[in-house]
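Here are some short exercises to work through with the structure open beside you. Try each task before you read its solution.

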Amino acid sequence: MPAFEFRMISDSNFNARCYFGGKILVNAGVLPVVQNDDEFAFVIAHEMAHALARHAGETASWEIARTKGFQFASFINDWAAESRLQKKSVELVLQGLNVASILTVSLPHDRLQESEADHLGLILMTRAGYRPQAAVDLWRRMAEVQTNTASLLSKAIAKYCSSHPPDAERLANLKLWLTETASNRQNAAPLGDSSQNGNDQK
Ligand SMILES: [Zn+2]
């Protein structure tokens, strides 16, 4: 398990992110949006889940694979230029490949990671004694705020929502997992020594 380290930074945008080795940065802009400790716990637990599932490493591996693919494509491009093929056509094909690889590899992969982080995050927050329904409440509110693009709040959370879209599928999954985590909560054993996990106040 990574040695988690949490920092809050002075940034009014709603955002939180996880880096290699369990370092988690949370913007101060999260605080005016979350309405209780449970919602805040979900934001943190979601990032912890990314760390536990080693998503940063997975993403790096996929990006290396994509880069290798484009090194090969660049070689083809050079070869085509030497062969006097229509350079413009080859460039268009390469641009198409870039878009296709994002649509077929990167985006589905990101969605899968987000889904895993939601699921594992729900389990973590529940085991730590927080109310998992708060995850659904938070995402539903984020979706509502997003439709009101003029509000200051929606601008503050826009970036987070671009990588964490609060769509119908996400909400449906969270509701489904609530049932599962409710039984986890009833059967929950303490998560190790409470003096170490920093949850003495709950
Ligand atoms: Zn995430």
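**Exercise 1.** In this predicted model, work out which hand the crossing of H4 and H5 has, and how the two helices are oriented.

*Solution.* Start with the hand: H4 passes H5 in a left-handed crossing. Next, find the axes of H4 (residues 133-147) and H5 (residues 152-163), which come within 9 Å and cross at roughly 115 degrees. Angles of 65 to 115 degrees count as roughly perpendicular, so H4 is roughly perpendicular to H5.

**Exercise 2.** Which residues make the contact between H4 and H5, and how do they divide by class?

*Solution.* Take one helix at a time. H4 contributes Met142, Val145 and Gln146. From H5 come Leu153, Ser154, Ile157 and Cys161. Now sort them: the contact has five nonpolar residues, two polar and no charged ones.

**Exercise 3.** Find the strands that pair with E3 (residues 23-27), and say in which sense each one runs.

*Solution.* Begin with E1, which pairs with E3 in the parallel sense over five bridges. Along this pairing, Phe6 faces Ile24 and Met8 is opposite Val26. Then turn to E2 (residues 16-19): four bridges join E2 to E3, and these two run antiparallel. Here Cys18 stands opposite Ile24. Finally, look at the hairpin of E2 and E3, with three residues between the strands, where Gly21 takes a positive phi near 80 degrees.

**Exercise 4.** Is strand E1 largely in the open or buried?

*Solution.* Count the buried residues among the five of E1 (residues 5-9): the number is zero. Therefore E1 lies largely in the open.

Key
Residues are numbered from 1 along each chain as its sequence is written. This is a predicted model: local features need pLDDT of at least 70, side-chain atom pairs count only at pLDDT 80 or more; totals for chains, interfaces and linings use all residues. Axes are lines fitted to C-alpha atoms, for helices over the stretch in contact, and angles run from 0 to 180 degrees between N-to-C directions. Angles under 35 degrees count as roughly parallel, over 145 as roughly antiparallel, 65 to 115 as roughly perpendicular and the rest as oblique. A crossing is left-handed if the near helix is turned anticlockwise from the far one by less than a right angle, and right-handed if clockwise. Two residues are in contact if their C-beta atoms, placed from the backbone, lie within 7 Å. Ala, Val, Leu, Ile, Met, Phe, Trp, Tyr, Cys and Pro count as nonpolar, Asp, Glu, Lys and Arg as charged, and the others, Gly among them, as polar. A residue is buried if 20 or more other C-beta atoms lie within 10 Å of its own, exposed if 12 or fewer, and partly exposed in between; C-beta atoms are placed from the backbone. Two strands pair if DSSP finds at least two bridges between them.
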